[in-house]
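Thanks for coming, everyone. I have one structure to show you today. Let me put it on the screen.

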Amino acid sequence: MADLSVVENVDEHRYELRDDAGTVLGYLEYLPREDFFVLPHTEVDRSLRGQGWGDRLVRHALDDLRAKGTKAYPTCPFVDRWIQRHDEYEDLRYQP
């Protein structure tokens with residue numbers, strides 16, 4: 001399979017995992033709030049599961065939120081566990 005890329009789709013409020021043809025094969029939804037972004041859901045196409053694409057999607061989204069100077073409030077269990085396993089991203093976690 002060709003390499004995939006992660007892009008932000010601002011209109012849909014999500015980061016998307018796309019192939020070279022622009023087909024969406026995964027996404028991480030976000031809900032912008034005043035001081036943080038809620039991350040409620042992540043989905044990756046079954047054909048890509050277990051290959052690290054979900055990790056790449058989360059890392060890209062969190063790196064982008066860091067660059068924007070905002071925090072993440074992960075309500076998605078996948079994103080929450082991912083941050084727990086990657087201590088270098090704990091500083092991005094919004095603490096209500």
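I will go from the overall build to the sheets, then to the charged side chains.

One thing up front. This is a predicted model. Please keep that in mind throughout.

Start with the whole chain. The protein has 96 residues, and 39% of them count as buried. Its C-alpha atoms fill a box of roughly 40 × 30 × 20 Å, taken along the principal axes. How does its radius of gyration fit a compact globule? For 96 residues, such a globule would have a radius of gyration near 12 Å. The protein has 13 Å, so the two agree.

Now the parts list. There are 2 helices and 7 strands. Read from the N terminus, the order is β-β-β-β-β-β-α-β-α. Contacts also reach across the sequence. Take the contacts between residues at least 6 apart: 39% of them join residues at least 24 apart.

Next, the sheets. A quick reminder for the newer members. Strands of a sheet pair through backbone hydrogen bonds, and they do this either parallel or antiparallel.

Look at the sheet of 4 strands. It is open, its order is E1-E2-E3-E6, and the pairing is antiparallel. Which strands sit at the edges? They are E1, residues 5-9, and E6, residues 42-44. Each of these pairs on one side only. Neighbouring strands here are turned by 20 degrees against each other on average, ignoring direction.

Zoom in on one pair. E1 and E2, the latter covering residues 14-18, are antiparallel and share 5 bridges. For example, Val6 has Leu17 in E2 as its bridge partner. A helix lies against this sheet too. H1 packs on it and touches E1, E2, E3 and E6. The direction of H1 makes about 140 degrees with that of E2.

Now the other sheet. This one is open as well, with 3 strands in the order E4-E5-E7, and its pairing is mixed. E4, residues 31-32, and E7, residues 71-74, stand at the edges. Each has a single partner strand, so one side of each is left without a neighbour in the sheet. E5 spans residues 36-39. It runs parallel to E7, and 4 bridges join the two. In that pairing, Leu39 stands opposite Pro74 of E7.

On to charges. How many salt bridges does the model have? The count comes to 10. I will show you three.

First up, Arg85 and Asp55. Their closest N and O atoms are 3.9 Å apart. This pair links distant parts of the chain. Arg85 is in helix H2, residues 77-85, while Asp55 is in helix H1, residues 53-68. They are 30 residues apart. Is Asp55 buried or exposed? Neither, quite: at 31% relative accessibility, Asp55 counts as partly exposed.

Next, Asp64 and Lys68. Their side chains meet in a salt bridge of 3.0 Å, N to O. Both residues belong to helix H1. They are 4 residues apart, so about one helical turn separates them. Lys68 is partly exposed, with a relative accessible area of 42%.

Then Glu90 and Arg93. Here the closest N and O atoms are 3.0 Å apart. Glu90 is partly exposed at 29% relative accessible area. Arg93 counts as buried, because its 16% falls under the 20% cut-off. Elsewhere, salt bridges with shared partners join Glu8, Asp64 and Lys68 into one network.

Let me finish on Arg93. Where does it sit? Arg93 lies in the segment after H2. Its side chain makes a polar contact of 2.6 Å with the side chain of Asp80. A further polar contact, of 3.0 Å, joins the side chains of Arg93 and Glu90. What else does Arg93 touch, if we leave aside neighbours within four places in sequence? Its contacts are Lys71, Ala72, Pro74, Asp80, Ile83 and Gln84. Pro74 may sound familiar. That is the residue in E7 standing opposite Leu39.

So, to recap. We have one sheet of 4 strands with antiparallel pairing. We have another of 3 strands with mixed pairing. H1 packs on the sheet that holds E1, E2, E3 and E6. And Arg93 is a buried residue, at 16% relative accessible area.

That is my part done. Over to you for questions.

Terms used. Residues are numbered from 1 along each chain as its sequence is written. This is a predicted model: local features need pLDDT of at least 70, side-chain atom pairs count only at pLDDT 80 or more; totals for chains, interfaces and linings use all residues. Side-chain values use heavy atoms; hydrogens and water are left out. Two strands pair if DSSP finds at least two bridges between them. A salt bridge is a side-chain nitrogen of Lys or Arg within 4 Å of a carboxyl oxygen of Asp or Glu. Buried means under 20% relative accessible area, exposed over 50%, partly exposed in between (1.4 Å probe, protein chains only). Axes are lines fitted to C-alpha atoms, for helices over the stretch in contact, and angles run from 0 to 180 degrees between N-to-C directions. Contact means heavy atoms within 4.5 Å. A polar contact is a pair of N or O atoms within 3.5 Å; within protein, one must be able to donate a hydrogen and the other to accept it, and residues adjacent in sequence count only if both atoms are side-chain atoms. The radius of gyration is taken over C-alpha atoms; the globule rule is 2.2 Å times the number of residues to the power 0.38.
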